[in-house]
Amino acid sequence: MSDAFNVMIMGETGVGKSSVVNLIAGKPIAEVNPDIESNTTKTTKYSAHINSMTVHLWEMTGFNLPENPGAKEVFALDVDLGSVLADATTVDLVLFCMRGSKVTRTTKSMLDRIKNMFDQVPVLLVITHLERQKLMEDWWNDNEARLTNMGVEGTGHVCVTGLTVKKWSEKYEESRQALLMKLEQYPSCQTRSIETCFLEYLSRMQNFNQRGKKLEKTLRERYKLDKTTAEKLVNVAAPEAGGFWPFNR
Ligand SMILES: Nc1nc2c(ncn2[C@@H]2O[C@H](COP(=O)(O)OP(=O)(O)OP(=O)(O)O)[C@@H](O)[C@H]2O)c(=O)[nH]1
Ligand SMILES: [Mg+2]
């Protein structure tokens with residue numbers, strides 16, 4: 001059982017997720033990929049200690065579906081969640097990273113899918129690539145209305161640069177302080193069990209009310225979960241174990 005703070009770091013390929021991990025940790029623990037071809041392909045866990053608090057930073061891959069995916073694609077979501085389900089007990093915060101100059105409808109549909117999966121978990125929007133702004137926060141003032149119109153909304157936002165070059169070192173430090181300050185505001189928020197989040201998500205998918213061995217098979221085959229994790233979820237879902245499956249919709 002871990003009582004650490006679990007932060008899911010998500011966003012489109014190349015927006016700066018690994019850089020945000022390093023920004024929070026204050027040192028290079030995640031590999032930053034300058035090449036779009038060599039992106040982070042597996043959900044990876046990093047740990048940082050911030051003000052005597054252990055924070056697990058999960059750089060999560062997936063959610064990269066086409067803009068209007070078919071029901072089947074949505075159902076077999078390409079998210080690599082197995083390692084999180086196997087290891088973490090709670091999900092406390094989502095950091096949704098997006099590149100300031102490239103917020104598109106694809107960004108919005110990805111954010112929507114993430115909110116659907118991590119229902120009720122706070123989502124902090126992390127706007128990256130803002131080193132050229134005189135005041136990074138100005139980007140938010142200039143773009144908030146546009147984002148709201150697009151439906152790109154979170155429970156908070158922070159404007160940063162993840163670029164570690166000397167020229168922008170002051171902005172980088174400013175970004176780190178802003179991000180840490182935001183993170184400190186969240187631990188007291190409601191945390192959610194990762195299993196409940198995922199099972200509720202499945203239950204919201206149409207016609208999904210499997211249980212027992214059948215559910216275990218689906219979890220292993222479609223969601224690529226290992227046997228132990230799949231069994232754990234089946235037990236959480238089981239009504240005889242005080243579970244809550246199927247949910248009322
Ligand atoms: N100018 C600028 N470049 C950035 C910023 N953040 C990241 N980058 C650069 O963008 C590229 C991708 O950064 P990553 O942190 O690896 O992005 P990522 O989202 O983890 O990428 P994948 O894991 O491959 O999806 C690297 O060349 C980074 O140096 C930023 O705030 N400003
Ligand atoms: Mg990465």
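Two residues are in contact if their C-beta atoms, placed from the backbone, lie within 7 Å. Axes are lines fitted to C-alpha atoms, for helices over the stretch in contact, and angles run from 0 to 180 degrees between N-to-C directions. Helices (H or I, at least four residues) and strands (E, at least two) are DSSP runs, numbered from the N terminus.

This is a predicted model, in which local features need pLDDT of at least 70, side-chain atom pairs count only at pLDDT 80 or more, and totals for chains, interfaces and linings use all residues. Residues are numbered from 1 along each chain as its sequence is written, and chains are lettered from A and ligands numbered from 1 in the order in which they are written.

**Overview**

The protein has 9 helices and 8 strands. Its mean pLDDT (the predictor's confidence in each residue, from 0 to 100) is 84, and 82% of the residues score at least 70. Among the elements, β6 has the highest mean pLDDT, 98, and helix α2 (residues 71-75) the lowest, 52. Of contacts between residues at least 6 apart in sequence, 69% join residues at least 24 apart.

**The sheet**

Six strands form an open sheet with mixed pairing, in the order β2-β3-β1-β5-β6-β7. Strands pair if DSSP finds at least two bridges between them. β2 and β7 (156-159) are the edge strands; each has a single partner, so one side of each lacks a neighbour in the sheet. From one strand to the next, the twist averages 25 degrees.

At one edge, β2 (residues 44-50) pairs with β3 (residues 53-59) in the antiparallel sense over 7 bridges. Tyr46 stands opposite Leu57 in β3. The two strands form a hairpin with 2 residues between them, and Asn51 in the turn has a positive phi of about 45 degrees. At β7, the pairing with β6 is parallel, over 4 bridges. Val126 has Val158 of β7 as its bridge partner.

Two helices lie across strands of the sheet. Helix α1 (residues 17-25) crosses β1 (5-11), β2, β3, β5 and β6, at about 170 degrees to β3. Helix α5 crosses β6 and β7, at about 130 degrees to β7.

**Core and burial**

A residue is buried if 20 or more other C-beta atoms lie within 10 Å of its own, exposed if 12 or fewer, and partly exposed in between; C-beta atoms are placed from the backbone. Buried residues make up 36% of the 249 residues. A nonpolar core is a set of buried Ala, Val, Leu, Ile, Met, Phe, Trp, Tyr and Cys residues joined through C-beta atoms within 7 Å. The largest has 60 residues, and Ile9, Val94, Leu95, Phe96 and Val126 have the most contacts inside it. Strand β5 (residues 93-99) gives the most to this core, 6 residues. Phe96 touches residues including Met10, Leu111, Ile114 and Val126.

Helix α7 (residues 194-204) has buried residues too, among them Ile194, Phe198 and Leu202. Their cover includes α4 (105-117) and α9 (227-237).

**Loop residues**

Two non-glycine residues with positive phi are set out here.

| Residue | Phi | Loop | C-beta neighbours within 10 Å |
|---|---|---|---|
| Gln120 | about 75 degrees | α4 to β6 | 13, partly exposed |
| His129 | about 65 degrees | β6 to α5 | 21, buried |

Arg132 lies in the loop between β6 (123-128) and α5 (136-150). With 13 C-beta neighbours inside 10 Å, Arg132 is partly exposed. Arg132 and Trp168 are 36 residues apart in sequence, yet 8.7 Å apart in space, C-alpha to C-alpha.

How values were computed: Lists of a residue's contacts leave out its neighbours within four places in sequence.
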